[in-house]
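I opened a new page for this protein today. My plan is to look things up one by one and write down what I find.

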Amino acid sequence: LSLDRQPITSLPGWENIRVLLARSRNGVRLASTSPAPPPSLLVAPDGTFQVFGSMLGEFRLSVTGLPGDAFVQAARFGSTDALQQPLRILQTSSDVLDIVVSSAGGRIEGTVVTTDAAALARVQVVVVPDQRDRNDLFRAAAVDRDGRVTIRGLAPGGYSAFALSGQACFEYFDPAVIARAERAGAGVKLRVTEASVN
């Protein structure tokens with residue numbers, strides 16, 4: 001794990017970063033039957049992390065705990081682009097999972113307006129990437145009591161932002177939920193570039 005090819009310790013808050021490998025099938029992350037989350041791998045100060053035990057199979061990569069405007073710029077495992085494809089580890093391999101973080105992610109700032117102030121407590125703003133199979137690019141945040149919201153660390157690309165009320169946790173990953181919001185004309189299209197503020 002590195003920061004723009006510099007040591008990851010150059011990024012304030014790097015200690016909170018975790019690398020997660022969640023089991024998947026045909027590229028789709030599997031719902032866990034265990035109450036425990038998928039194993040998260042601690043990152044050492046030199047940027048290394050190691051998987052122990054039997055980790056053969058197919059996995060989807062995610063990186064959590066990125067501070068500020070940081071985002072995962074690239075991730076490769078041998079010849080596999082680990083952001084676009086699942087990791088298929090079918091036998092012992094000497095390939096290295098190389099993750100590059102950038103500190104220059106985009107940021108969205110906005111205000112949700114409603115005639116019912118009490119309703120704001122149930123609103124979350126969801127940012128959905130145009131590339132809908134990239135679950136790692138989805139973001140969500142609750143608005144504050146004045147309806148303001150900030151979402152940081154967005155990778156460059158196209159997104160739609162929705163203000164959703166009363167949705168169950170992570171329900172915005174359901175394509176039907178987002179399709180209903182789009183049909184209702186509730187989305188705002190955005191183009192995020194590095195270090196941009198929308």
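The entries below go from a sheet to a strand, then to ring pairs and salt bridges.

**Entry 1: the model**

I note first that this is a predicted model.

**Entry 2: an open sheet**

In what order do the five strands of the open sheet lie? I read the order as S2-S1-S10-S7-S8. The pairing in this sheet is mixed.

I then looked at the edges. Strand S2 covers 6-7 and strand S8 covers 80-81, and these two stand at the edges. Each has a single partner strand, so one side of each is left without a neighbour in the sheet.

Next I checked how S8 is held. Strand S7, residues 71-77, is joined to S8 by two bridges. S7 and S8 run antiparallel. I found Phe77 standing opposite Thr80, which is in S8.

**Entry 3: strand S12**

I moved on to S12, which spans 123-129. How many residues of S12 are buried? I noted seven of the seven, so S12 is largely enclosed by the rest of the structure. Buried here means under 20% relative accessible area.

I sorted the side chains by direction. Val123, Val125, Val127 and Pro129 point one way from S12. Gln124, Val126 and Val128 point the other way. All of them are buried.

Which strands are joined to S12? One is S15, joined to S12 by seven bridges. The two strands run antiparallel. Within S15, Ala163 is the bridge partner of Val125. Another is S13, with four bridges to S12. This pair also runs antiparallel. Within S13, Ala140 is the bridge partner of Val126.

**Entry 4: aromatic pairs**

I searched the whole structure for aromatic pairs and got two. Phe138 and Phe173 make one of them. Their ring centres are 4.8 Å apart, and the planes differ by 40°. The pair is tilted.

Where do these two rings sit in the chain? Phe138 is in the loop between strand S12 and strand S13 (139-142). Phe173 is in the loop between strand S15 (157-165) and helix H1 (175-183). They are 35 residues apart, so I marked this as a link between distant parts of the chain.

Tyr172 and Phe173 form an aromatic pair too. I read 4.9 Å centre to centre and 35° between the planes, which is again tilted.

Are these rings buried or exposed? Phe138 has 9% relative accessibility, so it counts as buried. Tyr172 has 7%, so it counts as buried. Phe173 has 32%, so it counts as partly exposed. I drew Phe138, Tyr172 and Phe173 as one cluster linked by ring pairs.

**Entry 5: salt bridges**

A reminder to myself: side chains of opposite charge can pair when their charged atoms come close. My count came to nine salt bridges. I looked at some of them.

Glu58 forms a salt bridge with Arg88. Their closest N and O atoms are 3.1 Å apart. Glu58 lies in strand S6, residues 57-64, and Arg88 in strand S9, residues 87-89. The pair therefore ties together parts that are 30 residues apart in sequence. Glu58 is buried at 13% relative accessible area. Arg88 is partly exposed at 47%.

Arg152 forms a salt bridge with Asp69. Here the closest N and O atoms are 3.0 Å apart. Arg152 is in strand S14, residues 148-154, and Asp69 is in the loop between S6 and S7. The two residues are 83 apart, and the pair links distant parts of the chain. Arg152 is partly exposed at 41% relative accessibility. Asp69 is buried, with a relative accessible area of 15%.

Asp136 forms a salt bridge with Arg134. I noted 2.8 Å between the closest N and O atoms. Asp136, at 25% relative accessibility, counts as partly exposed. Arg134 is buried, with a relative accessible area of 8%.

Which residues do salt bridges with shared partners join into one network? I listed Asp69, Arg107, Glu109 and Arg152.

Note on methods
Residues are numbered from 1 along each chain as its sequence is written. This is a predicted model: local features need pLDDT of at least 70, side-chain atom pairs count only at pLDDT 80 or more; totals for chains, interfaces and linings use all residues. Side-chain values use heavy atoms; hydrogens and water are left out. Two strands pair if DSSP finds at least two bridges between them. Rings of Phe, Tyr and Trp (its six-membered ring) pair if their centres lie within 6.5 Å; planes under 30 degrees apart count as stacked, over 60 as edge-to-face and the rest as tilted. Buried means under 20% relative accessible area, exposed over 50%, partly exposed in between (1.4 Å probe, protein chains only). A salt bridge is a side-chain nitrogen of Lys or Arg within 4 Å of a carboxyl oxygen of Asp or Glu.
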